[in-house]
Amino acid sequence: MSIRLAGVTKRFGARAAVDDVSVELSTGEFFAIVGASGCGKSTLLRLIAGLEVADAGEIALAGRTVSGPGLHVAPEDRNVGFVFQSYALWPHLDVRGNVAFPAEAAGVKRAEAARNADRHLATVALTDYAARKPADLSGGQRQRVALARCLAQEAGTILMDEPLANLDPHLRSTMEEELVGFHRTAGATTVYITHDQREAMAVADRMAVMAEGRFLQVGTPTEIYDRPANAAVARFIGHGAVQPVSVEGGAVRLAGHPVKLRGNGGTHALFRPADLSVTDPDATTLSATVESVLYRGGHWEGTARVEGLSEPFQLHLDRPVEVGERLGLMINGGWILPG
Ligand SMILES: Nc1ncnc2c1ncn2[C@@H]1O[C@H](COP(=O)(O)OP(=O)(O)OP(=O)(O)O)[C@@H](O)[C@H]1O
């Protein structure tokens with residue numbers, strides 16, 4: 001089921017929580033929205049679901065307008081499934097009952113709903129837990145019940161609001177893989193909200209970076225990582241430093257040193273740790289002073305400042321360094337931010 005948003009806006013008081021958002025998602029696409037707390041992600045998802053009424057713009061699901069001037073189709077008439085951060089399982093129903101309930105409520109016969117529930121419980125590897133109550137499950141198992149319940153509705157669109165919040169890192173990465181697997185099997189158009197950009201990049205076909213109610217950039221995870229549209233996206237996604245560069249007669253310079261960079265047109269460039277190599281300082285390198293260093297298991301992450309530049313560079317190091325140590329930085333690449 002395709003999703004089209006055109007100029008969607010939602011205000012709370014004078015403030016727009018969602019401000020003129022437009023995007024088109026194709027059927028079966030896995031689309032992630034990332035952004036800092038309060039940027040409007042949940043409000044946007046609730047607008048698609050029909051749980052909030054938009055102040056302006058249009059929302060169409062599978063080509064059918066469900067929200068527009070004077071029009072608001074109720075959530076239950078949108079063929080949309082949800083998974084929210086709080087799993088909201090029914091405590092008095094067992095696992096199978098939780099998964100079967102939405103279909104039963106929609107008039108599917110009890111035995112058939114239970115059969116379908118069992119099929120979806122097998123997908124999330126919870127067959128052996130079908131008779132348990134939610135209270136007797138771990139957080140990750142409850143999460144999987146919520147996913148199975150969502151899948152059992154066989155909705156054309158699945159909306160997920162931080163579905164992996166509160167899980168430990170191991171379970172999170174297992175669940176990321178399972179989510180991608182579910183998506184491949186179910187084929188539902190999925191809109192997935194997270195504040196964790198690594199998670200978004202792991203699961204999404206395309207993603208949007210959101211700030212203050214607006215989409216700053218929409219693209220594939222690699223596009224957004226390799227070619228951020230502006231400094232705000234560059235700073236939000238991945239590690240890196242945004243530094244001023246100058247162009248003199250076609251040659252790009254960083255702190256007076258000639259550098260070869262991708263992109264053109266702008267006055268600032270993004271340098272990721274992979275764009276830099278660290279050597280002993282000499283005349284051919286930029287001289288930097290280490291400001292911080294942390295061991296990250298197998299490698300060190302550090303920051304080092306070049307005199308005259310506003311931000312420290314972020315470094316991945318294969319040997320420990322000392323705060324205050326002088327290093328030589330070789331610039332092997334970087335991305336000139338457009339405009
Ligand atoms: N019902 C409401 N009434 C008034 N303001 C609201 C309401 N719901 C959300 N807001 C405000 O709208 C803005 C966007 O909120 P929203 O929950 O969409 O952000 P978010 O990006 O999902 O944040 P988080 O990651 O913390 O969940 C926030 O400033 C929030 O305080």
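**A walk through the predicted model**

Let's start with confidence, since this is a predicted model. Among the protein's elements, strand S1 (residues 3-12) comes out with the highest mean pLDDT, 98, while helix H5 (residues 169-186) has the lowest, 80. Over the whole protein the mean pLDDT is 91, and 99% of the residues reach 70 or more. For the complex, the predictor gives an ipTM of 0.95 and a pTM of 0.88. A word of care: where pLDDT is low, the predicted coordinates should not be read in detail.

Now look at the ligand. Which residues surround it? They are Phe-12, Ala-17, Gly-35, Ser-37, Gly-38, Cys-39, Gly-40, Lys-41, Ser-42, Thr-43 and His-195. Helix H1 (residues 41-49) gives the most to this shell, with three residues. As for chemistry, the shell around the ligand is made up of seven polar residues, three nonpolar ones and one charged one.

Next, turn to a pair of helices. Two packed helices are described by the angle between their axes and the distance between the axes. Here the pair is H4 (residues 139-152) and H5, the helix with the lowest mean pLDDT. They pack at an angle of about 10 degrees, and their axes are 12 Å apart. Angles under 35 degrees count as roughly parallel, so that is how H4 and H5 run relative to each other.

And where do they touch? On the H4 side, the contact is made by Gly-140, Gln-143, Leu-147 and Leu-151; on the H5 side, by Leu-171, Met-175, Phe-182 and Ala-186. Six of the residues in this contact are nonpolar and two are polar, with no charged ones.

Technical notes. Residues numbered from 1 in each chain as written. Predicted model: local features only at pLDDT ≥ 70, side-chain atom pairs only at ≥ 80, totals over all residues. pLDDT = per-residue confidence, 0-100. Helix = DSSP H or I, 4+ residues; strand = E, 2+ residues; numbered from the N terminus. Near = placed C-beta within 6 Å. Nonpolar A, V, L, I, M, F, W, Y, C, P; charged D, E, K, R; others polar. Axes fitted to C-alpha atoms, helices over the stretch in contact; angles between N-to-C directions. Parallel < 35°, antiparallel > 145°, perpendicular 65-115°, else oblique. Contact = placed C-beta atoms within 7 Å.
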